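Good morning, and thank you for making time for this short presentation. I would ask you to keep the sequence and the model in view while I speak.

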Amino acid sequence: MPEKLLCASSDLSDTTVKICEVDGVEIGIIRHNGDVVAYKNVCPHQGGPVCEGLRMPRVCVEFDDQQRALQQNFDESEMHFVCPWHGWEFKMETGEAVGDPKIRLKRYKVTERDGEVYVEI
Ligand code: FES
């Protein structure tokens, strides 16, 4: 697959998704756990700009024996994209939908070299 220049390495951060366009395709790219991940900025639900939504950690709820919620915590080791249109969540690490792992964001292979970031598209 041909490689296309996406952006400079210095354009990426751990806190903000950068949206780039390559061959008419919008791609969201972010540093995550020391890696760089890139996904097509199209939600598999109804096409919303999924990479532009909130990023939030997995919510973990502790229940009592009658299934009443006792407390909730955030698991910062598992970050999610939250689609801004209807709130579907996707694991940032894999692109897998939290509600149905058979549904995934389109992921691109990314290479970083000489201060630039390339994507296979
Ligand atoms: S378009 Fe993304 S949740 Fe509906």
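**Aromatic pairs, strands and salt bridges**

Let me begin with Trp88, which is partly exposed, its relative accessible area being 31%. Please bear in mind that we are looking at a predicted model. Phe90, in contrast to that, has a relative accessibility of 0% and is therefore counted as buried.

These residues belong to our opening topic, the aromatic pairs. How many aromatic pairs does a search of the whole structure find? The search returns two. In one of them, Tyr39 and Phe81 meet edge-to-face, with 5.8 Å from centre to centre and 85 degrees between the planes. Tyr39 belongs to strand β4, residues 35–40, and Phe81 to strand β6, residues 69–82, so this pair ties together parts of the chain that are 42 residues apart in sequence. Both Tyr39 and Phe81 are buried. The rings of Trp88 and Phe90 also pair: their centres are 6.5 Å apart and their planes stand at 40 degrees, so this pair is described as tilted. An edge-to-face pair needs planes over 60 degrees apart, and a stacked pair needs planes under 30 degrees apart.

A further ring deserves a remark. Which residue lies over the face of Tyr118? It is Arg113, at 4.3 Å from the ring centre.

I now turn to the overall make-up of the chain. The UniProt record, an unreviewed entry, carries the annotation "domain: Rieske" for residues 4–119. Over residues 4–119 the chain is 53% strand and 0% helix. The C-alpha atoms at the two ends of that stretch are 5 Å apart.

Some of the strands form an open sheet of four, in the order β2-β3-β4-β8, with antiparallel pairing. Which strands are at the edges? They are β2, residues 18–22, and β8, residues 107–108, and each of these pairs on one side only. As a general reminder, strands of a sheet pair through backbone hydrogen bonds, and they may do so in a parallel or an antiparallel manner. Between β2 and β3, the latter covering residues 25–32, there are five bridges, and the two strands run antiparallel. To locate one of these on the model, find Val22, whose bridge partner in β3 is Val25.

Moving along the chain, we reach the loop between β3 and β4, where Gly34 is found. Is Gly34 buried or exposed? With a relative accessibility of 80%, Gly34 counts as exposed. Gly34 is separated from Ile121 by 87 residues in sequence, and their C-alpha atoms are 22 Å apart in space.

My next topic is charge. Side chains of opposite charge can pair when their charged atoms come close. In this model the count of salt bridges comes to nine, and I shall present some of them.

Let us take Asp23 and Lys4, which form a salt bridge whose closest N and O atoms are 2.9 Å apart. Asp23 sits in the loop between β2 and β3, while Lys4 is in strand β1, residues 3–8, so the pair ties together parts that are 19 residues apart in sequence. Asp23 is exposed, at 57% relative accessibility, whereas Lys4 is partly exposed, at 28%.

Another salt bridge joins Asp75 to Arg58, with 3.6 Å between the closest N and O atoms. This pair links distant parts of the chain, as Asp75 is in strand β6 and Arg58 is in strand β5, residues 54–63, which places them 17 residues apart. Both are partly exposed: Asp75 has a relative accessible area of 22%, and Arg58 has one of 34%.

Glu96 and Lys91 also meet through their side chains in a salt bridge, at 3.2 Å from N to O. Which residues are joined into one network by salt bridges that share partners? They are Lys91, Glu96 and Arg104. Glu96 is buried, with a relative accessible area of 15%, while Lys91 is partly exposed, with 24%.

I shall end with a contact that involves the backbone. Asp64 has its place in the loop between β5 and β6. At 14% relative accessibility, Asp64 counts as buried, because the cut-off for buried is under 20%. A polar atom of the Asp64 side chain lies 2.8 Å from the backbone nitrogen of Gln66.

Thank you for your attention.

Terms used:
Residues are numbered from 1 along each chain as its sequence is written. This is a predicted model: local features need pLDDT of at least 70, side-chain atom pairs count only at pLDDT 80 or more; totals for chains, interfaces and linings use all residues. Side-chain values use heavy atoms; hydrogens and water are left out. UniProt positions are given in the numbering used here, feature names are shortened, and annotations may be inferred rather than shown by experiment. Two strands pair if DSSP finds at least two bridges between them. Rings of Phe, Tyr and Trp (its six-membered ring) pair if their centres lie within 6.5 Å; planes under 30 degrees apart count as stacked, over 60 as edge-to-face and the rest as tilted. Buried means under 20% relative accessible area, exposed over 50%, partly exposed in between (1.4 Å probe, protein chains only). A charge sits over a ring if NZ of Lys or CZ of Arg is within 6 Å of the ring centre and within 35 degrees of the ring normal. A salt bridge is a side-chain nitrogen of Lys or Arg within 4 Å of a carboxyl oxygen of Asp or Glu. A polar contact is a pair of N or O atoms within 3.5 Å; within protein, one must be able to donate a hydrogen and the other to accept it, and residues adjacent in sequence count only if both atoms are side-chain atoms.
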